[in-house]
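Dear colleague,

Here is the structure I said I would pass on. My notes on what I found in it follow below.

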Amino acid sequence: MYKVVFFDVDGTLLSEIDRSIPQSTKEAINLLINKGIKVVVATGRPYSLCEELVLMGIDTIISANGALIKCDGNVIYKSALSTETLRDVTAFAELNGHSVSYFTEAFAMNGIGSDNKRVMEALKETLSITQYPPKMSSTAEEVYCMCLYADGSEAQKYIVNFPKLRFVRFHRYVMNVLEEAEVSKSTAIKKVLDYLEIDKFEAIAFGDGGNDLDMLEYVGLGIAMGNGENLLKKKANFVTRRASEGGISYALKIFGVI
């Protein structure tokens, strides 16, 4: 019997076409909650961009790809970037004219790139944001994730200048800036399962992107969306319909969960 379901957001809970939540998905989430099955969001988004999901009754949110975990409004885990990393990468980006975003519990940027077409397209495609976010006001605030907006050639100078950091691309114009401390959806899922005292074989995970692969492989049943990346679909236990075609509801019914 499955006791918990983990969901990626963009392209999974949200339609890959228009980032809306299909009605069948809303109904499926409601059925899970009513049956006493825990529903958890596992997303690369900052916590503040999960408000719509919280309003649906989802009370456990893994945000910033696992760097901040909240359950019933309480922080059960957090991994903030060092002040040194924030300061040095921010200064280097300003020197080179590149945009940087910061995931606190909210979302902010460094004030560069509001008139850059590539930046605005990336914000829309990754976070459904159409207006340039506010500038980061305080370096004293904890930052759980930092993203660099740069293409392959532009990013090379960062890789050379910051050899102790990892730059992981998840969009053609956006990269996560990571320290050595491991932050991933699977490690975050383990922390949530330990907190809830649920075995990983009693867990299901849905995803569509490369950063969902580790969590699909970690749980008892890993389900890839029909609109997902090919490698993810090859590794998943089951491939459901596209998010826009009711893939969440379809898979949960196939496996008798709802």
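**Overall picture**

The protein chain has nine helices and 13 strands. Its radius of gyration is 18 Å, close to the 18 Å that the globule rule gives for 258 residues, so the chain is as compact as a globular protein of that length. Please keep in mind that this is a predicted model. Along the principal axes, the C-alpha trace spans about 55 × 35 × 30 Å.

Of the 258 residues, 52% are buried. Taking contacts between residues at least 6 apart in sequence, 56% join residues at least 24 apart. The exposed area of the protein chain is about 11,900 Å², and carbon and sulfur atoms supply 49% of it. As for charge, there are 28 positive and 33 negative side chains. The centres of these two sets lie 3 Å apart.

**The eight-stranded sheet**

An open sheet of eight strands runs in the order β5-β4-β3-β2-β1-β11-β12-β13, and its pairing is mixed. The edges are β5 (74-78) and β13 (238-239), each of which pairs on one side only. Strands of a sheet pair through backbone hydrogen bonds, either parallel or antiparallel.

At the β5 edge the pairing is antiparallel: four bridges join β5 to strand β4 (residues 68-71). There, Ile69 has Tyr77 in β5 as its bridge partner.

Further along the order, β11 (residues 203-207) has parallel partners. Strand β1 (residues 4-7) pairs with β11 in the parallel sense over four bridges, and Val5 stands opposite Ile204. Strand β12 (residues 221-224) also pairs with β11 in the parallel sense, again over four bridges. In β12, Leu221 is the bridge partner of Ile204, while Ala224 stands opposite Gly207.

How much of β11 is buried? Five of its five residues are. In a regular strand the side chains alternate between the two faces of the sheet. In β11, Ala203, Ala205 and Gly207 point one way and Ile204 and Phe206 the other, and all are buried. Strand β12 is likewise covered on both faces, with Leu221 and Ile223 buried on one side and Gly222 and Ala224 buried on the other.

**Two residues to look at**

Ser101 and Val54 make a useful pair to inspect in the viewer.

Ser101 is in strand β6 (residues 99-103). Is Ser101 buried or exposed? Its relative accessible area is 0%, under the 20% cut-off, so Ser101 counts as buried. Beyond its neighbours within four places in sequence, Ser101 is in contact with Phe107, Ala108 and Met109, and also with Cys145, Met146, Cys147 and Tyr149.

Val54 is found in helix α2 (residues 51-55). Its relative accessible area is 37%, which lies between the 20% and 50% cut-offs, so Val54 is partly exposed. Leaving aside neighbours within four places in sequence, Val54 is in contact with Tyr47 and Ile61. Val54 and Gly73 are 19 residues apart in sequence, and their C-alpha atoms are 9.8 Å apart in space.

Regards

Terms used: Residues are numbered from 1 along each chain as its sequence is written. This is a predicted model: local features need pLDDT of at least 70, side-chain atom pairs count only at pLDDT 80 or more; totals for chains, interfaces and linings use all residues. Side-chain values use heavy atoms; hydrogens and water are left out. Helices (H or I, at least four residues) and strands (E, at least two) are DSSP runs, numbered from the N terminus. The radius of gyration is taken over C-alpha atoms; the globule rule is 2.2 Å times the number of residues to the power 0.38. Buried means under 20% relative accessible area, exposed over 50%, partly exposed in between (1.4 Å probe, protein chains only). Contact means heavy atoms within 4.5 Å. Accessible areas come from the Shrake-Rupley method with a 1.4 Å probe; for residues, only the protein chains shown count as cover. Lys and Arg count as positive and Asp and Glu as negative; His and the chain ends are not counted. The place of a charge is taken as NZ of Lys, CZ of Arg, CG of Asp or CD of Glu. Two strands pair if DSSP finds at least two bridges between them.
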